[in-house]
Amino acid sequence: MIVRFSAFVLPLLLGLPALAEGRSDAFLDLVGRVPSELVAPGSEPRFPQVHFADHAAAAALVATLPPRASPDPVQSYGPYARLQTPLAVQVAPGLEGGWEPRVGFGPLDIRASLVVAAPPHQAMLLRLADGSAEGIAPALLAAGYEPGVRDGVDALVRNPEDFGISLGDRHIADPFGGALGAASRVLLDGSLLLQANNWPDLLAMAQGPGGVSGRSQPDLAALAAVLDRPDWGDAALIQAVLWPEQAALSRGGHGGLPPWRTALMADLATGLETRTLVLFSYADRASAEAAAARLEAGWATEPMAAGRSLREITETEAETQVLGDGPFVAVLSLRAPTEALSGGWPVNGPFVRLLTAQARGDLMLFGPA
């Protein structure tokens, strides 16, 4: 069964420029609930990966593509044709109707998501469309979840052992760790779904905004303020990756930036143009200015581990500046037209290439000095 997303996206088209106002709101709404031990610099477990996606903004963006003469898979995959979210690996069975019987909602019911991977910790926060959460509890109970209570918090639980694996619970159409049969705890708060593979993380998320560490809060606020600046025109925030650990970006390499506190790579876009922002927070202006100068000096000239400069990897020129009044933010900005992959799927080319380089540990210019 192919699921079309026109009904999902039509109400968004008229308001696409308005998405530029308060770009960071949906991101802050979700990241503010993440437990500090998962995103605080220097915490354990090390090297967390935090990926935010605004599915509503991505769907509106995809819908602005010119019509094609031949059937286009973008029409079926909707926002997932534009997103690199970890959820995308399970989209095919979800769009074919496999999610609803298992979890009570479908991929196109998600308006925004935040996926945290800090092995063995796994957590997910989903902002769902109004009314789409009604079938979740019945579906989970039918799939083998049981009611559970911990510290006064009610949730639906699969596998009472935190971080546990149960091979009998594996199911390809289960976004909550079903491919591995991973333990799962699910909590609904109106249209917000919280899910984790252990009780402590779920309880921390259930406390509401303010879960990130005190050190990260002002840094995240400073990064969000840069995202919300009018400098970027009507571009909407499509997705973002939070980097709390500098060493995670460089596989043993050095010669990068002065030690930053928190970093964020953001994908902003209009229908025809993309802008990738890479933001690094610093406590003092001198360090931020040194970072911006280092980025400018090394962007086109210094080879990464793959033997190419970031200019060659991204195929984009870079602009740098320092913004903010403290924390201060070193800003790297990349502008590029929207690219089309095979099948006509739209992407932000520089963002995707930097994401790939990160997976290889090939971002030495962003890593430790």
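Here is a short chat about the sheet, a helix and the open spaces of a predicted model.

Biologist: Before we dig in, what are the ground rules?

Modeller: Residues are numbered from 1 along each chain as its sequence is written, and side-chain values use heavy atoms, leaving out hydrogens and water. As this is a predicted model, totals for chains, interfaces and linings use all residues, but side-chain atom pairs count only at pLDDT 80 or more, and local features need pLDDT of at least 70.

Biologist: Which strands are the edge strands of the open sheet of twelve strands?

Modeller: Strands here are DSSP runs of E, at least two residues, and helices are runs of H or I, at least four, numbered from the N terminus. Two strands pair if DSSP finds at least two bridges between them. The order is β4-β5-β6-β7-β3-β2-β1-β8-β9-β10-β12-β11, with antiparallel pairing. Pairing on one side only are the edge strands, β4 (146-150) and β11 (319-323).

Biologist: What angle does helix α10 make with β11?

Modeller: Helix α10 (residues 285-298) packs on the sheet and touches β10, β11 and β12, contact meaning heavy atoms within 4.5 Å. Axes are lines fitted to C-alpha atoms, for helices over the stretch in contact, and angles run from 0 to 180 degrees between N-to-C directions. For α10 and β11, that gives about 175 degrees.

Biologist: Why are Glu289 and Arg285 separated by about one helical turn, and what is the N to O distance of their salt bridge?

Modeller: The turn follows because these two sit four residues apart in helix α10. A salt bridge needs a side-chain nitrogen of Lys or Arg within 4 Å of a carboxyl oxygen of Asp or Glu. For Glu289 and Arg285, the N to O distance is 3.7 Å.

Biologist: Which residues lie nearest the centre of the largest pocket?

Modeller: On a 1 Å grid over the protein atoms alone, a pocket is an open set of points with protein on both sides within 12 Å along at least five of seven lines, while a cavity is a set where a 1.4 Å probe fits but cannot get out; lining residues have an atom within 4 Å of a point. The largest pocket has 32 lining residues, with β1, β2, β3, β7 and α12 each supplying at least two. Nearest its centre are Pro86, Val115, Val116, Ala117 and Gln122.

Biologist: And what is the volume of the largest cavity?

Modeller: Grid points are joined across faces, edges and corners, and a volume is the space filled by probe spheres set on the points. The whole structure has one cavity of 30 Å³ or more. Its lining includes Leu61, Arg82 and Pro346. The volume of the largest cavity is about 40 Å³.
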